[in-house]
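Biologist: Could you take one helix in this model and walk me through it closely, ends and middle, and then show me what else is going on around the fold? Keep it chatty, but stay with the residues.

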Amino acid sequence: MPNLSVLLVHTAAGDLRLEMPPGRSVREILDATASRVRAACGSTGSCGACLVTVLHGAANPPTLAEYRKLTAAERAAGLRLACQLRPAGDMTIRVDHPAADSAWRSIAPADLAAPPAVLAAIQDNVFGVAVDLGTTHLRVSFWDRKRGVRIASRRGPNLQADFGADVLNRLHAAHTDPAHAAELARLARAGIMDAVRDILARDVGEVGPMLAQIGAVVVAGNTAMLALLAGRGVDALLDPANWQSPIDTTPHDAAAFQAEWGLPNAAIRLLPPLAGFVGSDLLADLVAMRMGEQRGPELLLDVGTNSEIALWDGERLRVTSVPGGPAFEGMGIRHGMAAEPGAIFRVSRAGDAFECAVVDGGEARGLCGTGLLDAVAVLLETGDLKPSGRFAMPPGPAGYLLLPGNERSAVCGADVDAFQRAKAAAAAAMSQLMDDAGLCWNDLSRLCICGAFGRRLDVRHAQATGLLPPVEPDRIELAAEATLAGCEHVLLNEDVLRKINDFAGAAHPINLSFVREYESRYVDHLRLRPMPYR
């Protein structure tokens, strides 16, 4: 990857060092961080709210919008509109009037799929919302369906996490107390609409009138999240007798759902889960990755708190899910965090020291999922970590510091254990499906990795620790936002629903808790070592 230009941002809260992909505006760059500028016009420059001061660096000349909003004296003093300012190299700016604190971030354009080729034939209520309802995070995109244009996207936390990081804790809370069930549903619904309102306020410029022009909402998620959102299916999902059957997560009252969201003209569609804990997020992944259109067997792994796997052998679609835990998403570990500014996402060895790449540069504040995986792999290479997952020399209560003097870079024994359990569950499940189909790793035409790791996954490290099988790298595809992309396909072209129904009809759900060999496979895969060739 070529060296990227650097944007240094001075704010009252501290300084920020951001790497800049070429061609992007300062507003677009800041919108992916916690230091967003004020905005209310969708980057047209008409609101004049996103003021920044350029202290150093070259950029495009002031635009017509800036001549209208800024006086000659202000322009001479270095004031620019962030939405109009496109750096031509390294730049230093000051933000004196940032936006209010928000948990929402724009999704990096590199993580988003290209718009589907087929557009919806629609005249009224042309706007639509796609939602990936994850256990840890929500991802939302807002579309002009008539033109096939993604207006904006957002990523933020699922506030249900207050009821537990894993889905079973939330399901049990909803099952035992109707008040908890109502609150879990409210948190999920409020989170989705908060993201939509944030987009409308900042990227469109108005909220209320636009809500009535939204004609469709498409939601995908794992079965537990859909059941908690809809307030239906929780009890059925907690009964193991139903784990190989479809779970009904259709809202009891669609009109009430519309009213609660303030979307009077929106058709709200929750894509139905396949069976048990195999949710519609996997169906959306299959659509986005065009599963089954290539020659040869294909394997798809959606990595997350609840990891889901699909194997297409050319005739049959085998699907399953395993509770991996939140370690893959940077949660449930001592200094874990999402892949946001300050997160260590890549670890390598440089002589006797470690090199840690941090999202958007700056000081490390913790490790995200790929950072933890890399750390485990590198510590394994150096012999500081044994294949059993134990440290060769106990690092002490603070853990093993990757960066001397930075306690937030520490890896602890419990972190390694959480990673081992998550990777063993996923690896054993993939092996089980391959065995059931009578396939070897070399038979795979491709391996698709979707979900939490996104484009930052180091495939070599994933294979060294035994998370991924020994498949040639050119057969491995990484897709950061496949579930969201699948929802977008449905949003823009209802014919895609036929594909989803075809996948659902061809799917053969496998509940691994009923498979005798799976437990021993899981134990075998706990060790940190490459998966054996088959």
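Modeller: Happy to. Let's start where helix α5 starts: a side-chain oxygen of D177 comes to within 2.8 Å of the backbone nitrogen of A179. Keep in mind that this is a predicted model. From there α5 runs over residues 178–204, 27 residues in total. First C-alpha to last, the helix reaches 38 Å, close to the 39 Å expected at 1.5 Å a residue. Just past the other end, G205 takes a positive phi of about 105°.

Now for the middle. L187 belongs to α5, and with a relative accessible area of 10% this leucine counts as buried. Its C-alpha atom is 9.5 Å from that of L228, although the two residues are 41 apart along the chain.

The charged side chains are worth a look too. A network of salt bridges links R27, D31, R36, R154, D198, R202 and D203. Take one pair from that set: D31 and R27 form a salt bridge, with their closest N and O atoms 3.0 Å apart. Both sit in helix α1 (residues 26–31), and because they are 4 residues apart there, about one helical turn separates them. That fits the general rule: an α-helix has 3.6 residues a turn, so residues three or four places apart point the same way. Are these two partners buried or exposed? D31 is buried, at 4% relative accessible area, and R27 is buried as well, at 1%.

Helix α1 has another charged contact, through E28, whose side chain meets that of R86 in a salt bridge of 3.7 Å, N to O. R86 lies in the loop between β4 (79–81) and β5 (91–94) while E28 is in α1, so this pair ties together parts that are 58 residues apart in sequence. Here the surroundings are more open to view in the numbers: R86 is partly exposed, with a relative accessible area of 36%, and E28 is partly exposed at 34%.

A further pair joins two loops. The side chains of D248 and R232 meet in a salt bridge at 3.3 Å, N to O. D248 is in the loop between α8 (234–237) and α9 (254–261), and R232 in the loop between α7 (223–230) and α8, so the contact ties together parts 16 residues apart in sequence. D248 is partly exposed at 39% relative accessibility, and R232 is partly exposed at 26%. Across the whole structure there are 28 salt bridges, and those I picked out are among them.

Finally, the inside. Searching the whole structure for cavities of 30 Å³ or more turns up 1, and its volume is about 240 Å³. Its lining is made of 23 residues, with D132, G134, D302, V303 and E329 lying nearest the centre. By class, that lining has 6 nonpolar, 10 polar and 7 charged residues. Several elements each supply at least two of the lining residues: β6 (127–133), β7 (137–144), α10 (280–288), β11 (298–303) and α14 (482–492). Of these, α14 gives the most, with 3 residues.

Definitions and conventions. Residues are numbered from 1 along each chain as its sequence is written. This is a predicted model: local features need pLDDT of at least 70, side-chain atom pairs count only at pLDDT 80 or more; totals for chains, interfaces and linings use all residues. Side-chain values use heavy atoms; hydrogens and water are left out. On a 1 Å grid over the protein atoms alone, a cavity is a set of points where a 1.4 Å probe fits but cannot get out, and a pocket is an open set with protein on both sides within 12 Å along at least five of seven lines; lining residues have an atom within 4 Å of a point. Grid points are joined across faces, edges and corners, and a volume is the space filled by probe spheres set on the points. Ala, Val, Leu, Ile, Met, Phe, Trp, Tyr, Cys and Pro count as nonpolar, Asp, Glu, Lys and Arg as charged, and the others, Gly among them, as polar. A salt bridge is a side-chain nitrogen of Lys or Arg within 4 Å of a carboxyl oxygen of Asp or Glu. Buried means under 20% relative accessible area, exposed over 50%, partly exposed in between (1.4 Å probe, protein chains only). The expected span of a helix is 1.5 Å times one less than its number of residues. A polar contact is a pair of N or O atoms within 3.5 Å; within protein, one must be able to donate a hydrogen and the other to accept it, and residues adjacent in sequence count only if both atoms are side-chain atoms.
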